[in-house]
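Me: I am new to this structure and would like a close look at the loops of the chain. Please take one loop residue to start from, and then connect it to the rest.

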Amino acid sequence: MRSELFLQTSPWFILLCLLAGSAYAFFLYQPEPSWGKRLNAVLAVLRGTLVSVLCFLLLAPLVRTVQTTTDKAKVVLAVDNSQSTAAGGATALPALEEARRQLTADGYEVSIETLNADALQTELDSVKFNGTQTNLASMLSTVRSNFEGQNLTDVILLSDGIVNQGLSPAYGNYPFRVHTVAIGDTIPKRDILLRNVTANRVAYMGNEFPIQVDVVANGMAGRSTTLTLRQGGRVVATQNVVLNRDDYFQSFTFTTASNQKGVQHYTVEVGGISGESSTRNNRREVYIDIIDGREKILLLGLAPHPDIKALRSIIEQNENYELDVKLLTTASNLNEMTDKAYDLVIFHQVPDASGFGNESVRRLMAKNTPLFFILGNQSAIGAVNPLNRTMQIAANPGQFDKVTGMFNTSFQLLNLDNQRLDILAKLPPLSVPFGEYRLTPGSEVVLYQRVGSVATTKPLLAISTEGERKVAVLAGEGIWQWRQEEFALTEKQDVVDELFQKVIQLLSVKEDKRKFRVYPASAEFDAGDRVTFQTEIYNDIYEKIYGQDVRLDITDEKGKIQNYTYTYTAENPRFEISGLPEGVYKYRASATLRSGLEQVRGQFVVTDTDLEAQNTTADFGMLRELSQRTGGRFVQPNTVSSLVQIMTNNRPPDRLNSSEQMAELIQLKWLFFLLLILASLEWGLRKYSGSY
């Protein structure tokens with residue numbers, strides 16, 4: 001570390017500081033003292049030094065500190081510790097440990113990374129090959145973020161190349177070389193398995209729904225078996241499977257129905273065949289939520305428009321919705337539309353400037369249904385204002401503005417990720433009416449308008465949930481361009497779709513007036529995860545109250561009941577249960593309130609998808625491609641020593657990092673103590689000598 005002193009004034013002022021300190025000491029200690037001349041000189045020096053330093057500090061001198069550190073070359077040993085690598089991984093760990101020892105001796109800093117990013121690994125001996133899924137791209141991305149800006153040059157990846165979660169790591173961009181150590185068997189085993197089971201997550205009571213099963217077999221030509229669909233131990237249907245070739249693949253479809261409401265548990269199983277390597281992958285569980293009704297949504301537009309198609313695509317992703325799309329300019333019978341009961345009505349450019357749909361709007365408004373107004377160039381702004389109590393617009397006729405969206409981080413009604421919503425600034429602008437915007441009391445802004453790079457306080461999307469009717473207003477058209485541009489940027493349409501899906505869900509959902517609520521944090525949990533219950537208890541004016549004892553009964557599919565009791569507190573409103581095996585569970589929660597005994601019921605699912613058993617054939621081709629793309633080498637455990645030798649012979653130099661800091665001299669803490677010592681020493685000597 002190196003420090004330098006800089007003056008912001010002429011160096012000649014230092015002489016003035018010394019002169020001021022000397023003059024102060026001279027006039028203070030010039031009279032004949034009662035103590036000796038030697039002590040008098042010491043006291044004069046102390047006082048002169050103190051005053052000179054204080055005067056020097058008034059010149060505001062600066063100190064520049066330059067600190068240089070050495071960033072050694074780093075290597076990460078990335079271990080694929082999934083279940084599929086258990087046999088080969090345990091055998092290869094000694095070779096990896098020897099590589100670690102040699103690299104450390106050569107001056108590398110060596111770290112260990114596994115698929116479980118939350119668990120810090122410091123020793124290879126402590127690595128357990130028990131991972132239930134393999135996402136190599138995520139592991140390498142974690143390494144990249146953890147060592148961002150550091151001198152990480154190489155990653156040695158021990159893996160069989162099997163990926164069952166996330167993207168293939170071969171197509172990622174990494175600022176380091178990835179050397180792959182291949183383990184496992186690339187020869188397909190004699191086996192029959194269920195590769196995929198596809199079914200609707202939601203079905204409607206009484207309606208038929210398909211369950212599609214992909215059966216894969218290798219080395220089983222000439223054999224036959226049975227594919228069975230069961231529900232609760234009862235055989236629903238069977239199909240014969242004739243394996244007519246060694247590399248067998250065939251899709252089978254079961255069509256069934258259920259008259260029971262709630263989550264139904266189905267089991268698909270293919271009969272085992274003698275000689276197959278494993279029967280773990282012969283069985284798959286399917287959970288389908290059977291519901292007895294959909295929420296009905298009406299999308300009423302003025303005329304054909306790309307926004308209407310975009311909204312239709314967004315809404316139809318949720319199978320709990322039944323969508324009717326009507327256009328005023330082409331609909332033949334509007335009376336059927338206005339006579340039908342809806343849970344939400346979306347108006348696109350309705351009411352319009354021509355007044356064509358005013359009668360239909362009036363009849364729909366009379367039903368007190370939640371409304372979502374989407375304005376456009378054909379909207380009659382003056383007619384929209386009295387129909388909604390969310391956003392009032394004093395627009396100039398025929399004048400429009402181009403704006404992008406900016407998320408209101410204070411909006412708490414929806415659980416939205418404001419970092420993901422930053423992409424709205426990159427999307428094409430919407431066309432909105434030009435004029436003055438005013439929010440009515442009780443309304444909240446979801447999106448503000450951004451004109452170019454200038455953020456405004458004008459609302460773009462606002463919502464009101466108070467009162468008898470929920471109302472939302474989007475002040476512009478062009479949603480379809482948002483979806484297209486997001487796909488062009490990210491190859492997904494998640495952000496825009498999620499935003500409108502949650503707004504529509506907030507508008508259409510029926511308000512829950514219960515004072516006692518207990519519900520799982522998710523409808524589906526993975527086996528091994530903690531099942532979390534959220535509790536809410538309210539008084540008569542819907543203020544949260546605490547301190548109540550809650551009884552929770554969990555019933556599995558066999559009728560076995562587990563009882564739990566906990567106290568609902570503000571510090572911990574959640575209750576967690578661990579160790580539940582796979583299956584459908586029903587729960588009943590009860591608590592005694594002032595109004596008496598309150599109860600709530602529901603259900604949730606615990607799933608255990610054995611991904612590691614679905615594919616056990618090592619993929620060395622992917623590992624070779626990953627190494628080639630990053631400039632690394634592809635080796636096997638018995639040749640790891642040659643890789644280490646190459647890395648040792650071509651060790652990159654350590655990197656020097658310098659940081660510079662400029663600060664005023666007066667900010668140095670030691671200077672305060674120096675001045676304190678000078679003043680205290682002078683005062684102590686004077687007092688000891690009989691003076692003050």
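Reply: A good place to start is aspartate 422, which counts as exposed because its relative accessibility is 52%, and the cut-off for exposed is over 50%. The model is a predicted one, and this value, like the others below, is computed from it. Aspartate 422 lies in the loop between strands S19 and S20, the latter covering residues 430–439. Asparagine 368 is 54 residues away from aspartate 422 in sequence, and the two C-alpha atoms are 35 Å apart in space.

Asparagine 368 is itself a loop residue, placed between helix H7 and strand S18, which covers 371–374. Its relative accessibility is 34%, so asparagine 368 counts as partly exposed. The backbone of asparagine 368 also deserves a look: phi is near 60 degrees, a positive value in a residue that is not glycine. Most residues other than glycine have a negative phi, and most peptide bonds are trans.

Alanine 60 is another non-glycine residue with a positive phi, here about 55 degrees. The loop that holds alanine 60 runs between helix H2 (37–58) and strand S2 (62–71). With a relative accessible area of 25%, alanine 60 is partly exposed.

On the other side of H7 from asparagine 368 comes a loop with a cis peptide bond. The bond in question leads from valine 350 to proline 351, and its omega is near 0 degrees. Proline 351 sits in the loop between strand S17 (344–348) and helix H7 (358–365).

Back at strand S19, threonine 390 gives the opposite picture to aspartate 422 in terms of exposure. Threonine 390 is in the loop between helix H8 (381–384) and strand S19 (391–407). Threonine 390 counts as buried because its relative accessibility is 0%, where the cut-off is under 20%. What is threonine 390 in contact with, leaving aside its neighbours within four places in sequence? The contacts are Arg438, Leu439, Thr440, Ser443, Ala462, Ile463, Ser464, Val471, Ala472 and Val473. Two of these names, Arg438 and Leu439, fall within the range of strand S20 (430–439).

A further loop can be seen in the hairpin of strands S27 and S28, where five residues lie between the strands. Glycine 559 takes a positive phi near 90 degrees in this hairpin. Strand S27 covers residues 549–555 and S28 covers 561–567; the two run antiparallel and are joined by seven bridges. Arginine 551 stands opposite threonine 565 of S28. In a regular strand the side chains alternate between the two faces of the sheet.

These loops belong to a chain with 13 helices and 33 strands. The C-alpha trace spans about 115 × 75 × 55 Å along its principal axes. The radius of gyration of the chain is 36 Å, whereas a compact globule of 692 residues would have one near 26 Å. Of the 692 residues, 44% count as buried, and threonine 390 counts as buried too. Among contacts between residues at least 6 apart in sequence, 73% join residues at least 24 apart. The accessible surface comes to about 36100 Å², and carbon and sulfur atoms account for 50% of that area. As for charge, the chain carries 68 positive and 76 negative side chains, and the centres of these two sets are 3 Å apart.

Key
Residues numbered from 1 in each chain as written. Predicted model: local features only at pLDDT ≥ 70, side-chain atom pairs only at ≥ 80, totals over all residues. Heavy atoms only, no water. Helix = DSSP H or I, 4+ residues; strand = E, 2+ residues; numbered from the N terminus. Rg over C-alpha atoms; globule rule 2.2 N^0.38 Å. Buried < 20%, exposed > 50% of the residue type's maximum accessible area, 1.4 Å probe, protein only. Contact = heavy atoms within 4.5 Å. Areas by Shrake-Rupley, 256 points an atom, 1.4 Å probe, with all protein chains shown as cover. Lys, Arg positive; Asp, Glu negative; His and termini not counted. Charge placed at Lys NZ, Arg CZ, Asp CG, Glu CD. Pairing = 2+ DSSP bridges.
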